[in-house]
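Colleague: I would like to learn how to read a contact between two chains. Could you walk me through it with an example?

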Amino acid sequence: MQILDFGYMAELFPYLLGKLPITLGMASAGMLCALVLASGLAIVRVVQPPLINGAAKLFISFFRGTPLLVQLFLFYYGLPQLIESLVKIDGVTATILGLTLHFSAYMAESIRAAIVGIDRSQTEAALSIGMTQSQLMRRIVLPQATRIAVPTLMNYFIDMIKSTSLAFTLGVTELMGATQKEASSSFLYFEAFLTVAVIYWVVVELLSRIQKLMERKLNKAYQR
Amino acid sequence: MITVRGLTKFFGDTPVLNGIDLDIEQGEIIVVIGPSGTGKSTLLRCINMLESPDQGHITLGGHHVDFDRVSNDDRLTLRRKTAFVFQNYALFANKNALENVAERLIVVDGWPKAKAHARAGELLDRVGLNDKHTAYPAALSGGQQQRVGIARAMAANSDLILFDEPTSALDPEWVDEVLSVMKQLAQERQTMLVVTHEMQFARDVADRVIFMSGGNIVEQGPPEALFSAPKDPRTRNFLRKVLGPQAASSE
Ligand SMILES: Nc1ncnc2c1ncn2[C@@H]1O[C@H](COP(=O)(O)OP(=O)(O)O)[C@@H](O)[C@H]1O
Ligand SMILES: [Mg+2]
């Protein structure tokens, strides 16, 4: 009796690889939108304009305080009930929306921490030469904050790639969804899920390598 | 001529400046001395609007500002007509020496980058940093960083440069190079208001020394007169502490 059906795994592997673009596509789109939203939220949290600040705090608290799966169901099943025109929201859109909101809440906090980590005296120096607040942000604070935040943000991107697997619950045939379908027709559950695990693992491992290289490069900036 | 009248500043309920009056002639070199916590930094920071004064007014470079109604434009104008040299240098860590000095010319004065860099290069040469144009702050000694800080202040071509203890954070070996750059500036009659504990610098360079205590200007005058014949007991007391007993024994 053989332990694993390697022939099946070898056959399944290229098929599942074909689904990788959907997974990476959702994660990349989610990451881009989340970066924009998180930067906005972070600046609000730093500048603290009265009303918006409260809203930003509430937003961050909610999306950090509830499971991503609950948020996905809320958007996919819940929203269309509430708003008629969203009846046709598809699984991919709902996933990207959920990933964006969920991860932007976390990313906002790390961007905020990076911004307040820039020492106050540089801010004063920029103001003292007559820069406006937005010039100060664009030319002094954000370039330095980005350097500090990039490694953490890469972690969130990796996390986001793994989280796209939840999209299968919304009927999206991404990596996980495709595996689930194959497994339930072949009954070779262990082989199928092991294959998909290896694919996720390799992707994440590659990204971790890239992250290390970036970190090394960023640490060297501004030193000479 | 710069005129400050009735400059008052509170932190919470605590008065820190009690109605400071100050006239500064164009080209005048003024040194401010006094015990710590008496509002010397706050005075400089109020003139540069890094703190918001509560009362009083200032006329500087033809611009008049009432401190009880300061517009954003007033704030920017005052900052652009003055320059500040910080105790801890406060260089932009993401910019090299040349960019630190050129930043203001590019962003605030709208100079083209090439012209701003050329000017910044000249200024760095003048403070003796000919070979450090492309060095980032992290790669410079304290003395070199502070000289970049001074070159950055010079770039503004401003009506007044404010120095807040520019040598206090330096290792002793770097103090002289910074003081000599400041002396050179003084010889060129750049108007300066300098808070420092370097009494020899005050003697050599200042046109006028101001002694502050408890948020007030207690006494002021030419360095010789103030150091050799201080009138107020608080001044005598302070000078005795910083100069030693023999130096200020006018009793
Ligand atoms: N941002 C601030 N908030 C509250 N109190 C302050 C602040 N800055 C300075 N002070 C207080 O104001 C007084 C004057 O400070 P400062 O101008 O720094 O004095 P100096 O430069 O003469 O040592 C001190 O008692 C100091 O504790
Ligand atoms: Mg001080």
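Modeller: Gladly! The size of an interface is often given as the accessible area lost when the parts come together. Here, chain A and chain B bury about 2,000 Å² between them, with 58% of that area on carbon and sulfur atoms. Please keep in mind that this is a predicted model.

Colleague: Thanks, I will. How many residues does the contact take from chain A and from chain B?

Modeller: Chain A gives 19 residues to the contact, and chain B gives 27 residues.

Colleague: Next, the polar side of things. How many salt bridges are there between chain A and chain B?

Modeller: The general idea comes first: side chains of opposite charge can pair when their charged atoms come close. Between chain A and chain B the count is two salt bridges, while a search of the whole structure finds 16 over all chains. One to look at is A:R139 with B:E103, where the closest N and O atoms are 2.5 Å apart. A:R139 lies in helix α7 of chain A and B:E103 in helix α3 (residues 97–107) of chain B, so this pair joins two chains.

Colleague: And how many residue pairs are in polar contact between chain A and chain B?

Modeller: Seven residue pairs, counting those with both residues at pLDDT 80 or more.

Colleague: Which helices of chain A each supply at least two residues of the side that touches chain B?

Modeller: Those are α6 (120–128) and α7 (133–163) of chain A. The largest share comes from α6(A), with seven residues. By type, the residues on this side of chain A divide into eight nonpolar, eight polar and three charged.

Colleague: Let us step back to the fold. What does the secondary structure of chain A come to?

Modeller: Chain A has nine helices and zero strands, and the pattern along its sequence is α-α-α-α-α-α-α-α-α. Its C-alpha atoms fill a box of roughly 75 × 50 × 25 Å, taken along the principal axes.

Colleague: Now for the surface. Which residues of chain A form a nonpolar patch there?

Modeller: The patch is made of A:F13, A:L17, A:F190, A:L194, A:V198, A:W201, A:V202 and A:L206, and together they have about 770 Å² of accessible area. Helices α1 (6–17) and α9 (189–220) of chain A each supply at least two residues of the patch. The most comes from α9(A), with six residues.

Colleague: Where is A:W201 placed?

Modeller: You will find A:W201 in helix α9 of chain A.

Technical notes: Residues numbered from 1 in each chain as written. Chains lettered and ligands numbered in written order. Predicted model: local features only at pLDDT ≥ 70, side-chain atom pairs only at ≥ 80, totals over all residues. Heavy atoms only, no water. Contact = heavy atoms within 4.5 Å. Buried area = accessible area lost by both parts, 1.4 Å probe. Salt bridge = Lys/Arg side-chain N within 4 Å of Asp/Glu carboxyl O. Polar contact = N/O pair within 3.5 Å; in protein donor to acceptor, adjacent residues only side chain to side chain. Helix = DSSP H or I, 4+ residues; strand = E, 2+ residues; numbered from the N terminus. Nonpolar A, V, L, I, M, F, W, Y, C, P; charged D, E, K, R; others polar. Patch = residues over 30% accessible without salt bridge, like charges linked within 9 Å, V, L, I, M, F, W, Y side chains within 5 Å. Areas by Shrake-Rupley, 256 points an atom, 1.4 Å probe, with all protein chains shown as cover.
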